[in-house]
Amino acid sequence: MTSSIYDGEVYVPASGGNKWYQADVIDGPTERLCARYSQPAVIKEYRTPKILTTPAGETVLDMEQNMAGFVRFFVDEPKGTKITMRFGEVLQDGNFYRDNLRTAKAEFSYVSDGIAKEVGPHFTYYGFRYVKVEGFTKEIKPEQFKGCVLYSDLERTGWISTSNEKVNQLISNAVWGQKCNYVDVPTDCPQRDERMGWTADTQVFSGTACFNMDSYRFLRKYCHDIYETQKELGHVTSVVPAFHEDGPTCSVWGDAATIIPWNLYLYYGDISILEEQFESMRQWVDSIKEIDEATGGRRFWDVGFHFGDWLALDGEGDDTFKGATEDGYIATAYYYNSAKIVAKSADILGKKEEAAYYGTLASEIKAALQAEYFTANGRLALTTQTAYALALYMDFAPEGSKDRIAEFLKEKLKVNKGYLKTGFVGTYILNRVLSDYGNNDMAYKLLLNEECPSWLYAVNMGATTIWERWNSILPDGKISGTDMNSLNHYSYGSVLEWMYRNVAGLHLCEDHPGFSEVVIAPQPDYRLTSCDMKYVSISGTYEIHWKVEETEEFDLTVDIPFGCGATVVLPNTEQEAVKVESGHHHFRYQPETPIIKVYSSLSSVNELAEGEGSLTVLNQYVPEWQGIPAPMRDMNIEQLNETPFVNLTAEQMEALNAHLKTC
């Protein structure tokens, strides 16, 4: 037998059946042994495939879901028959394909001993949807094969669904991305010659992870590994466990050392994670401060290599992986954020001197950021989507400038027709910042966009997990490249955290970690008519269900677990927030500001172009609307009727309004 995590396994049963071998017990070092931190990786689900015959004549199993694991199968073949399985994520021209796995062979071979049995690999797993099978001399049937879905033994804790089935598929894709990549180590992908514990991937996803599944033990173990790596190598690495990526890491990636334990504390309310990781957290910030002091003590981190806004779409050139947002800005923003986290953690742990020290450091970094990047009137010198989002999300924008920066972000998105250009740094916070700062409609547009780059583009292209690249598969079904193109990278699935928090409305409170007290503040939009959420928190089960009725009434029910409380903020009304205790609570009312979109000649061209029915009316009455300059499309039809671009008679305007009422 030979076995490899990347190449797969060759299994030739020993002659005469199973053999047992004598083992010797030897003495060895035990100093670093400890009780297991995380759950074991186990088979959590089984899938029965469909059997396809490709245009090339290949026999291929389709699991109908991109997954991590392996295939077990029943074999009854003559002795010496060799069965070979090759694993891949996608078909090309209907045929089996796996070039995007790079050098990973991802195979399983079995040489029959003539005994009918169920067989499968022992010491490896694969990332795949499709399996090319060769060597069977007898007809095969679907029930002969079992797709064994492998991931750490995590309990599902969060469920969310909406009135939009494509959004529901996106939710499923993000959950499956977590399943496939939470296999003892939070890997970046489960299929190609990588499968490494890249720190930034799980850092940006950690909030979503804690909603979807009980991830405390899993991520606690990862935090433990980060600290053990620090103790051994003297620094945080980009990949944990570290092997060839064992040098000091950069911003965002290294900040996993502070952000993940802080999120675990917030979600689970367990102070012990801060106690265990405080030295790791402090040492990470201290390492940045050493670089800072060595370069003048300006409270900046603007030297050395940084991945930056990795895979953002606003970088220069066609082949760049890095976005346009300045590395020093991102690194210093994270320097500030991590210093602030360490200060708050120290305060919680009763370490008053450390709390004061890191609190002062955070204040100095914030002041440096404001002096370098913001004008006296609050304009941000950097104008990327990610730069604006970071300033608001990490709360270092000057107080009087936040609304202005939120408006700049909105305008930046509008210039890009409501599509994102963000990468690792900007994407996971973008929707939350938009909803939190008065641009909830733009956040929903990002969610519901269907052209590339968008989440639903991948859904429309048949994705069942989250892609590494927004354009991993091109519109013609061709894979966009093989150098770095995983179809099972979960980090962009972090949009689910916004859906739990802002769409459904379950906001955890920093002052009440572990969901003992929450704010329930759903932020509906006319493009979704309902949302249902259930979350089994460490304090009990929360449920939120809202629906926009045909009468335009808003119907909201919330269930609060025993011993907990919530402040309910009702959307689209001036009613004061309602404090409720545990139990079932129902609210139904007519919103003062309608949630359902009412179209008319007072709607802007951009608004009319977003709705399927309203777009049909717009094309009928203003067929030349795409020729209107983009900055003017925020004007309504009546305003545009005073310009050379629209020329409707009074009768046509009346007919337009009549048709729009039915949309």
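A residue counts as buried when its relative accessible area is under 20%. By that criterion, 14 of the 14 residues of helix 2 are buried in this predicted model, so the helix is largely enclosed by the rest of the structure. Helix 2 covers residues 199–212. A rise of 1.5 Å a residue gives an expected span of 20 Å for its 14 residues, and the end C-alpha atoms lie 19 Å apart, which agrees. The helix nevertheless carries a kink of about 60°, centred on Ser206.

Helix 5 makes a good companion to this case. Its 23 residues, 272–294, should span 33 Å at 1.5 Å a residue, and the separation of its end C-alpha atoms, 34 Å, agrees with that value. A bend of about 50° is found at Phe278. Just after the helix, Gly296 adopts a positive phi of about 110°.

We can turn next to the hydrophobic interior. The largest nonpolar core has 177 residues, and those with the most contacts inside it are Phe73, Tyr329, Leu390, Phe396 and Leu506. Helix 6 (residues 327–348) supplies the largest share of this core, with 12 residues. Leu506 illustrates how such a residue is surrounded: beyond its neighbours within four places in sequence, its contacts include Phe211, Tyr500, Phe515, Val518, Met533, Tyr542 and Ile544. A second core, separate from this one, has 16 residues, among them Val605, Ile628, Leu656 and Leu660. Val605 also serves as a reference point for Gly147: the two are 458 residues apart along the chain, and their C-alpha atoms are separated by 49 Å. Gly147 itself lies in strand 12 (residues 145–152). With a relative accessibility of 0%, Gly147 counts as buried. Setting aside residues up to four places away in sequence, Gly147 touches Glu45, Tyr46, Arg47, Met63, Met67 and Phe70.

Aromatic side chains offer another view of the fold, with 42 aromatic pairs in the structure. One of these joins Tyr182 and Phe218 in a stacked arrangement, 4.2 Å centre to centre with 15° between the planes. Because Tyr182 belongs to strand 14 (residues 182–183) and Phe218 to helix 3 (residues 216–233), the pair ties together parts that are 36 residues apart in sequence. Both Tyr182 and Phe218 are buried. Phe424 and Tyr492, by contrast, meet edge-to-face, with 6.1 Å between centres and 70° between planes. Phe424 is in helix 10 (residues 424–436) and Tyr492 in the loop between helix 12 and helix 13, so this contact ties together parts 68 residues apart in sequence. Phe424 is buried at a relative accessible area of 5%, and Tyr492 is buried at 3%. Phe424 and Tyr492 also belong to a cluster linked by ring pairs, together with Trp198, Trp253, Phe305, Phe307, Trp310, Phe321, Trp455 and Trp470.

The loop that holds Tyr492 also contains Ser494, between helix 12 (455–460) and helix 13 (495–504). Ser494 has a relative accessibility of 1% and therefore counts as buried. Its C-alpha atom is 8.5 Å from that of Ile429, although the two residues are 65 apart in sequence. Outside the four places on either side in sequence, Ser494 touches Val204, Phe205, Thr208 and Tyr428.

Charged groups also sit over aromatic rings. Lys179 lies over the face of Trp176, at 4.1 Å from the ring centre. The charged end of Arg195 sits over the ring of Tyr125, 5.1 Å from its centre.

Finally, the backbone holds some less common geometry. Most residues other than glycine have a negative phi, and most peptide bonds are trans. Arg195, in the loop between strand 15 (185–186) and helix 2, has a positive phi of about 50°. Arg195 is buried, with a relative accessible area of 7%. Arg102 likewise has a positive phi, of about 55°, and is found in the loop between strand 8 (95–97) and strand 9 (107–111). Its relative accessible area of 32% makes Arg102 partly exposed. A cis peptide bond joins Val240 to Pro241, with omega of about -5°; Pro241 is in the loop between helix 3 and helix 4 (256–268). Another cis bond runs from Cys452 to Pro453, with omega near 5°, and Pro453 is in the loop between helix 11 (440–448) and helix 12.

Key: Residues are numbered from 1 along each chain as its sequence is written. This is a predicted model: local features need pLDDT of at least 70, side-chain atom pairs count only at pLDDT 80 or more; totals for chains, interfaces and linings use all residues. Side-chain values use heavy atoms; hydrogens and water are left out. Helices (H or I, at least four residues) and strands (E, at least two) are DSSP runs, numbered from the N terminus. The expected span of a helix is 1.5 Å times one less than its number of residues. The bend at a residue is the angle between axes fitted to the seven residues ending there and the seven starting there. Buried means under 20% relative accessible area, exposed over 50%, partly exposed in between (1.4 Å probe, protein chains only). Contact means heavy atoms within 4.5 Å. Rings of Phe, Tyr and Trp (its six-membered ring) pair if their centres lie within 6.5 Å; planes under 30 degrees apart count as stacked, over 60 as edge-to-face and the rest as tilted. A charge sits over a ring if NZ of Lys or CZ of Arg is within 6 Å of the ring centre and within 35 degrees of the ring normal. A nonpolar core is a set of buried Ala, Val, Leu, Ile, Met, Phe, Trp, Tyr and Cys residues joined through side-chain atoms within 4.5 Å.
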